[in-house]
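Load the model and get your selection tool ready. This tour goes stop by stop, with something to select at each one.

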Amino acid sequence: METYADLVFLGGQVVTVDAEFSVASALAVTGGIITAVGGQDDVAPLVGPGTRVVDLRGATLLPGINDSHLHGCAFGMATPPLSLDLGHPAVSSLADVAEAVREAVGRVPDGQWITGHGWDTGYLDECVSDPSRLPSRRDLDAVSPDHPVVLYSFSGHATWVNSKALELIGIDRHTVAPPGGAIVADEAGEPTGLLHEGAQALVQNALPPLGRQERTDAIRSTLATLARLGVTSYTEPGLGPGGDGIMRGALGAETLDTYRRLLADGELTARLGVLLLPTGMASTAEEFARTLTALGESGDTDPRRLAIHGVKIFADGIVPNKTSWMHEPYVGGGCGSLCVGGETDAERITEIDAIIRHAHVAGHQVGVHVTGDRACDTVADAFAAAMAEHPRSDARHYVIHGDFLTAHSMKVLAAHGFGVNMNPTIKWTVADMEEEFVGAGRAAYAWPYRDAIDAGVRVASGSDAPVTYPDWRQGVATMMLRESKAAGRVSGPEQRIGLAEAIRTYTIDAAWQDFADDWKGSLEPGKVADLCVLAGDLLTADPHDIPEMPVVLTVVDGQVVHNTLRD
């Protein structure tokens, strides 16, 4: 009996992302599976009376985009209408932030917390003209004396609050910051309203936790955005007890339960991979091992729709907070440090080694947040040591961010089949600002795509949303151009990569990170029909134009989840 296709595409650029990066002109889908790729003659026999035939009219058909590092619940919580948009270009100054808060005060009941997300001193006029000028509670007190205000930075590593919030949280000049955190104080010793790293937990512990409906609404909002962007898979990099103190528990264990409910109800319109987050920053190996054991089994969901791949570990912080652990000092001094437990560098190295070894021996994939070059070397060596002591086939451990991945780190990662998850849209955002922290040379090198690929490291790309908007088109353009968002200056031209390489980081190599490159990530017969259609010819487009090319169709498992394309 003849089996006809459900869906056939003709007349476009079918970018297969197979081993040869071959380009076809037609593709057929049957029962959620790609059944033919080639020319019109290859798919014509599969067209039957019930087949939907789509004329691409020269558009580009790609594998569905896999954003391999995206905090889905947090992104939904950090974007309107659930939070004030304080990113560039929505605001350009501290005065703009204050005005946004003033308007919010007029809309919400007395005493209700006002939240916002996305502020970045690199785009606030007062801070740009005077780098010593930092956001302060005094910027917010005049417009919101009675409503507590909590504003998250774009990076997620700093929080800005007003005096009312400090009062409710119980922070004053005598408060001691948690390990791995900092309560910024003025010359008189009074808290300014800025909290860094682990000190942000003081805010989170005072906020009402997310309710079930809020979590659900946040994830639904994210899924709708991702469908419009052609994103069909993403990794939630850290859900568990270690996330209970981050963004009202948006990274907590209850978020995983919310995802399971959405899947059961048929609402999970993207494939999801998860890293568990047993502990946060300043963890000890003993605490990590105890908490990981208590997490138990992963559940019985369809692993192609929701899969738990492993665990996330924090090794250090971020460059703008000078908490990345660097070989050479920052401009102005200091090298940062590892953020795990321990009083000395040697003690902290012992702890991170033990944490990684425990997760590895337990059979988990390990993703480690690590940004500084010295921290990258430490983590890569810890991966290798764990593998040597307890050999495992195909562990697929990876470095998360890897801003200053060194030649040594790359050699170790490549030799053992490990990967790196880089963030081109963060590069685009912070390229200019980082110079004041690490100097022009190191800032240009940050996110060394060319060197990592040439070294044989598997490289996947992710947005780290809500740190940046999850737009892979901007990511592709940035990998090709290395131009900055603020000034358009080229930052590290020697680290540019080509279009095919950039697309692989969002498709087949991201699927590799998910242990799924045998069934998704490229357009080949037998693989799932996760598809993204981009208006125009991506292969000949000027890289500067790629971010503006519309996504006109998104398909997940053969089902259309976004469509502005007229058949």
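**Stop 1: Arg 215 and its partner**

Select Arg 215 first: at 5% relative accessibility, this residue counts as buried. Keep in mind that you are viewing a predicted model. Now add Glu 254. The side chains of Arg 215 and Glu 254 form a salt bridge, at 3.7 Å from N to O. Colour the two helices involved. Glu 254 sits in α9 (residues 253-264) and Arg 215 in α8 (residues 212-229), so this pair ties together parts 39 residues apart in sequence. Is Glu 254 buried, partly exposed or exposed? Glu 254 has 49% relative accessibility, and it counts as partly exposed because the exposed class begins over 50%.

**Stop 2: further along α8**

Stay on helix α8 and select Arg 220, then Glu 267. Their side chains meet in a salt bridge, 2.8 Å from N to O. Arg 220 belongs to α8, while Glu 267 lies in the loop between α9 and β16 (271-276), so the contact links parts that are 47 residues apart in sequence. Switch on a surface here. Arg 220 is partly exposed at 35% relative accessibility. Glu 267 is partly exposed too, with a relative accessible area of 28%.

**Stop 3: a helix and a loop**

Move to Glu 435 and Arg 489. Which contact joins their side chains? A salt bridge does, with N to O at 2.9 Å. Glu 435 lies in helix α15 (residues 435-445), and Arg 489 lies in the loop between α17 (472-481) and α18 (499-505), so the pair ties together parts 54 residues apart in sequence. Check the surface again. Glu 435 is partly exposed, with a relative accessible area of 27%. Arg 489 is partly exposed as well, at 39% relative accessibility.

**Stop 4: a network**

Select four residues together: Arg 271, Arg 305, Asp 530 and Asp 557. Salt bridges link them in a network. Show the side chains as sticks and trace the links between Arg 271, Arg 305, Asp 530 and Asp 557. How many salt bridges does the structure hold? The count is 24.

**Stop 5: two cis peptide bonds**

Leave the side chains and turn to the backbone. Select His 88 and Pro 89. The peptide bond from His 88 to Pro 89 is cis, with omega near 10°. Where is Pro 89? It is in the loop between β9 (84-85) and α3 (94-105).

Next, select Ala 465 and Pro 466. The bond from Ala 465 to Pro 466 is cis, with omega near 10°. Pro 466 also has its place in a loop, between β21 (458-461) and α17. Helix α17 came up at stop 3, where it flanks the loop that holds Arg 489.

**Stop 6: positive phi**

Two non-glycine residues finish the tour. Select Val 17. Its phi is positive, about 55°, although it is not a glycine. Val 17 is placed in the loop between β2 (13-15) and β3 (23-24). Is Val 17 buried or exposed? It is buried, with a relative accessible area of 1%.

Now select Arg 57. Here phi is about 50°, again positive in a residue that is not a glycine. Arg 57 lies in the loop between β6 (52-55) and β7 (60-63). Put the surface back on for this one. Arg 57 has 54% relative accessibility, so it counts as exposed, the cut-off being over 50%. Toggle between the two residues to finish: Val 17 is buried, whereas Arg 57 is exposed.

Key. Residues are numbered from 1 along each chain as its sequence is written. This is a predicted model: local features need pLDDT of at least 70, side-chain atom pairs count only at pLDDT 80 or more; totals for chains, interfaces and linings use all residues. Side-chain values use heavy atoms; hydrogens and water are left out. Helices (H or I, at least four residues) and strands (E, at least two) are DSSP runs, numbered from the N terminus. Buried means under 20% relative accessible area, exposed over 50%, partly exposed in between (1.4 Å probe, protein chains only).
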